[in-house]
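Please open the structure in the viewer and keep the selection tool at hand. The tour below proceeds stop by stop, stating what to select and what is found there.

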Amino acid sequence: MAKKNVNFKELNLELNKEEKAMASGELGDAVEWAINHQIQVGNFFDAKNFVPVSNVHMMIDPESVGIDGVLFLEKLVNMKAKVKIPMITDPRGVDLNYYTPLGQTEEMANIERRTIKACTSMGILMTNTCVNYQTIMAPILGEHVAYGDTGVVIYSNSVCGARSNYEGGPSALAAGLTGRTPRYGLHLEEKRIPTKKFCIKFEPSELTDWGLLGALIGKISGSYWEVPIIEGINYNPKSDELKHFGASMASYGSIPLFHMIGITPEAQNYTSKFINQLDEYEITIEDILSLKSQFGKKGDKIDVVVFAAPQLSIFEMQKVSELCFEKTFKVPVIICTSPQVYADASRMKIIDQIEETGAKVLEGTCFYNQYAREIGLANGWKRLMSNSAKIVNILGGYGYEPSLSSMEHCINSAVAGEIV
């Protein structure tokens, strides 16, 4: 490979010998594109150098990628691109075993098929999950990674104590090809310091409460660079509770990191004296109920119930199965889970138990990134109900009138055809 002349003195980032070889084209055209993309990102955020990352997680659903994105991926394949470190993927947009009944088109499915082929050709593992920290491998305290999905990033940063910014699709792909990412934002200790204090004056009782609590903290914080620290949680939340909490906070406020006193690993790094100097906000049960009231009321008709965003864990799948037992639904019920959980749930007969009721479990997808608008139009769905605060926040922008309640209320509402 011919070496290209690059004036490294004009770059703000400090490059090591290997990175200079990448930028000069010595390691191939695909790697040259990747490192130069990362240099531009690093310059924008005033990064001084790169940090090696252990693995990458990329959003790659066809609705986001589109035909132009597929053509770009195929171009990289023709350039013999291969990922340098383990790289996995977010949920797909099309369950190729079940898409026509949803109203998805063959064109959508073909974009999916071409995306899968291009990614696997580059050595990317098509894990198709937004809960890789529950299903694949959770990162550990201090581990630098390059993750794309907002729920993945906030959980990994906060609960696991790993280090990641929100990586857009091209940036995540570039990290997979180079094995590094610009050292800025959450890779720096000074950007992980709490900036706001939240005092919780009620006890969340189920997943929807946790989602609403995350939504309120996200709305108040309202910036990628804010780091909430939370006190008043008097028991150890479960993984699914923290999953809904973080995913919702990220959705409503673009927050990539929170600390929870006595719970998350980095909260202990900060003294009470420091924390008490921060701007303080209280959240009460009245605040929770006020936000919840914006998403439907008793007696409202519904068209579909969706459990997704984030994908369901095996424990959530078990609960859905128990709630569905001997039920007959007046409206469609859709459940989205990861391929890893789907396999376990199938082996345990949980999928059969759910689908015997007429509900449908989708594998490796998530409702909001699988052409939700087009699905709604194809099926005449407008009034959607879910227990996920994240999904009701997103789908309001896709033409839906979303309602929010607990998993049990969602199931009972699907039986009644209206909010109970």
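A residue is called buried under 20% relative accessible area, exposed over 50%, and partly exposed in between. The model shown here is predicted.

**First stop: E18 and K84**

Select K84, whose relative accessibility is 46%, so the residue counts as partly exposed. Now add E18 to the selection. The two side chains meet in a salt bridge, at 3.1 Å from N to O. This pair links distant parts of the chain: E18 belongs to helix 1 (residues 17-23), whereas K84 lies in the loop between helix 3 (62-78) and strand 3 (87-89), and 66 residues separate them. E18 is also partly exposed, with a relative accessible area of 32%.

Extend the selection to E19 and R180. Together with E18 and K84, these residues are linked in a network of salt bridges.

**Second stop: D303 and R383**

How many salt bridges does the structure hold? The number is 19. Another of them joins the side chains of D303 and R383, at 3.2 Å from N to O. Here too the pair links distant parts of the chain: D303 is in the loop between helix 11 (285-292) and strand 10 (304-312), while R383 is in the loop between helix 15 (372-379) and strand 13 (384-386), 80 residues apart.

Is D303 buried or exposed? D303 has 15% relative accessibility and therefore counts as buried. R383, at 32%, counts as partly exposed.

**Third stop: K360 and E355**

Select K360 and E355 next. Their side chains meet in a salt bridge, at 3.3 Å from N to O. E355 is partly exposed, with a relative accessible area of 27%.

**Fourth stop: the open sheet**

Strands of a sheet pair through backbone hydrogen bonds, in either a parallel or an antiparallel manner. Display the strands as a cartoon and find strands 6, 7, 8 and 9. These four strands form an open sheet in the order 8-7-6-9, with parallel pairing. Which strands stand at the edges? They are strand 8 (259-260) and strand 9 (279-283); each has a single partner strand, so one side of each is left without a neighbour in the sheet.

Finally, select strand 6 (residues 196-200) along with strand 9. The two pair in the parallel sense over five bridges. Within this pairing, K197 stands opposite E280 in strand 9.

Terms used:
Residues numbered from 1 in each chain as written. Predicted model: local features only at pLDDT ≥ 70, side-chain atom pairs only at ≥ 80, totals over all residues. Heavy atoms only, no water. Pairing = 2+ DSSP bridges. Salt bridge = Lys/Arg side-chain N within 4 Å of Asp/Glu carboxyl O. Buried < 20%, exposed > 50% of the residue type's maximum accessible area, 1.4 Å probe, protein only.
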